[in-house]
Amino acid sequence: MHIDLSGRRALITGAGQGVGKGIALAFAEAGAEVLVNDLRAERAQEVADEIAAAGGAAAGVPFDVTDYDAVTAAVSDGGPVDVLVNNAGNAGREGFGTLGRFVDSGPADWEPFLRVNLYGVLHCARAVLPGMIDRGWGRVVTISSDSGRTGEANLAAYSASKAGAAGLTRALAVECGRYGVTVNTIALGTMRTPATEALWSDPDDPRARALLRRYAVRRPGRPEDAAALAVFLAGPQASWITGQTYPVNGGISFAQ
Ligand SMILES: NC(=O)c1ccc[n+]([C@@H]2O[C@H](COP(=O)([O-])OP(=O)(O)OC[C@H]3O[C@@H](n4cnc5c(N)ncnc54)[C@H](O)[C@@H]3O)[C@@H](O)[C@H]2O)c1
């Protein structure tokens, strides 16, 4: 099956590295024009340049998804967005950060996770959906986590923020399906990206070995594993799929 995204403009948030970069490259390969967002302008531009060097169409569009005014300004300056991939996540500029036991944490620990993973998705969806509804076609794909699907110890606020984004997906799917707009979530298992590189760089690290034993496919996820499904959900063949959360996780077992 060939998935053709030519003629579509896709905004991928947090696409300066990791999963988002993999998604941006895959969208360009499928023919989409890619708006490469990142908090860090130089990262966004590097990925846009890489796409252009390979013959694709891309522009770097730096903004912080937690800043609603910046999001709306960038979207109104950047022209119509046909596909939004909400990938920017974790805890913003500080990367993943740590949370630890819920009972030892407080609002200042929770806020960065909620701001990026939930408010960031609200902001971007709010900015692009009116145009999609007017044009009668649109796709929203949100990158969530197994932590949000099943819960994860010591990551309560992250889990809550990712579950919130999946709840938003379901509500927007119901509200927007009649306008030709689909909204879905991809829930990832542990990926190998800059955010988690410290874990994977030493193959003998006992934490990595213990984690991998929980994965039927004994490797961490790769950005292209997420990208394959994101491209499919954005493509014409997926027009009757909406409101769903799809795990992409190497067959993880959750008992810890
Ligand atoms: N890495 C994993 O194991 C894993 C597992 C499950 C889900 N996820 C999800 O996948 C997504 C990507 O993760 P990753 O591992 O590639 O992350 P990463 O930290 O390697 O890259 C994230 C990128 O997003 C950018 N970013 C962060 N906050 C932003 C903001 N407020 N506005 C714009 N850009 C911002 C960062 O600058 C960075 O370039 C996240 O939503 C994450 O929660 C990752």
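# A guided look at a seven-strand sheet

Visitor: Is Asn-154 buried, exposed or partly exposed?
Guide: This is a predicted model. Buried means under 20% relative accessible area, and exposed means over 50%. Asn-154 has a relative accessibility of 43%, between those limits, so it counts as partly exposed.

Visitor: Where in the chain is the place of Asn-154?
Guide: Asn-154 is not a glycine, yet its phi is positive, at about 70°. Its place is in a loop. That loop runs between helix H5 (146–150) and helix H6 (156–176).

Visitor: In what order do the strands of the open sheet stand?
Guide: The sheet has 7 strands, and the pairing is parallel. Neighbouring strands are turned by 20° against each other on average, direction ignored. The order is E3-E2-E1-E4-E5-E6-E7.

Visitor: Which strands stand at the edges, each with a single partner?
Guide: A strand with a single partner has one side left without a neighbour in the sheet. Two strands are in that position, so they form the edges. They are E3 (57–60) and E7 (245–248).

Visitor: Which residue is the bridge partner of Ile-12 in E4?
Guide: Strand E1 (residues 9–12) and strand E4 (residues 83–86) run parallel and are joined by 3 bridges. Within E4, the partner of Ile-12 is Val-85.

Visitor: Which residue of E2 does Leu-11 stand opposite?
Guide: E1 also pairs with E2, in the parallel sense, over 4 bridges. Arg-9 and Leu-11 point one way from E1, while Ala-10 and Ile-12 point the other way, and all are buried. Opposite Leu-11 in E2 stands Leu-35.

Visitor: How many residues of E5 are buried?
Guide: Gly-138, Val-140, Thr-142 and Ser-144 point one way from E5. Arg-139, Val-141, Ile-143 and Ser-145 point the other way, and these residues are all buried. The buried count for E5 is 8 of 8.

Visitor: Over how many bridges do E5 and E6 pair?
Guide: E4 and E5 pair in the parallel sense over 4 bridges, with Leu-84 opposite Val-140. E5 and E6 are parallel too, and Val-141 stands opposite Asn-184 in E6. The E5 and E6 pairing counts 8 bridges.

Visitor: What angle does the direction of helix H1 make with that of E1?
Guide: H1 (residues 18–29) packs on the sheet. It touches E1, E2 (33–36), E4, E5 (138–145) and E6 (181–188). Its direction makes an angle with that of E1 of about 170°.

Visitor: And what angle does helix H4 make with E4?
Guide: H4 (residues 107–135) packs on the sheet as well, touching E4, E5 and E6. The angle between the directions of H4 and E4 is about 175°.

Visitor: Which element gives the most to the largest nonpolar core?
Guide: That core has 35 residues, and Ile-12, Ile-23, Phe-27 and Ile-186 touch the most other members. E1, H1, E2, helix H2 (41–53), E4, E5, E6 and helix H9 (223–234) each give two or more residues. The top contributor, with 7 residues, is H9.

Visitor: How many residues are in the other core?
Guide: It lies apart from the largest core. Among its members are Ala-127, Val-128, Leu-172 and Val-183. Its count of residues is 26.

Visitor: Which helix gives the most to the lining of the largest cavity?
Guide: The structure holds 2 cavities of 30 Å³ or more, and about 60 Å³ of space lies in the largest. Its lining is Leu-11, Leu-35, Val-61, Phe-63, Ala-74, Val-75, Gly-78, Gly-79 and Val-81. The most comes from one helix, with 3 residues: H3 (residues 68–78).

Visitor: Is Pro-220 buried or exposed?
Guide: Pro-220 has its place in the loop between helix H8 (206–212) and H9. Not counting residues up to four places away in sequence, it touches Thr-190, Met-191, Arg-192, Trp-200 and Leu-212. Its relative accessible area is 14%. The cut-off is under 20%, so Pro-220 is buried.

Visitor: How many Å apart in space are Pro-220 and Asp-82?
Guide: In sequence, 138 residues separate Pro-220 and Asp-82. In space, C-alpha to C-alpha, the distance is 31 Å.

Definitions and conventions. Residues are numbered from 1 along each chain as its sequence is written. This is a predicted model: local features need pLDDT of at least 70, side-chain atom pairs count only at pLDDT 80 or more; totals for chains, interfaces and linings use all residues. Side-chain values use heavy atoms; hydrogens and water are left out. Two strands pair if DSSP finds at least two bridges between them. Axes are lines fitted to C-alpha atoms, for helices over the stretch in contact, and angles run from 0 to 180 degrees between N-to-C directions. Contact means heavy atoms within 4.5 Å. A nonpolar core is a set of buried Ala, Val, Leu, Ile, Met, Phe, Trp, Tyr and Cys residues joined through side-chain atoms within 4.5 Å. Buried means under 20% relative accessible area, exposed over 50%, partly exposed in between (1.4 Å probe, protein chains only). On a 1 Å grid over the protein atoms alone, a cavity is a set of points where a 1.4 Å probe fits but cannot get out, and a pocket is an open set with protein on both sides within 12 Å along at least five of seven lines; lining residues have an atom within 4 Å of a point. Grid points are joined across faces, edges and corners, and a volume is the space filled by probe spheres set on the points.
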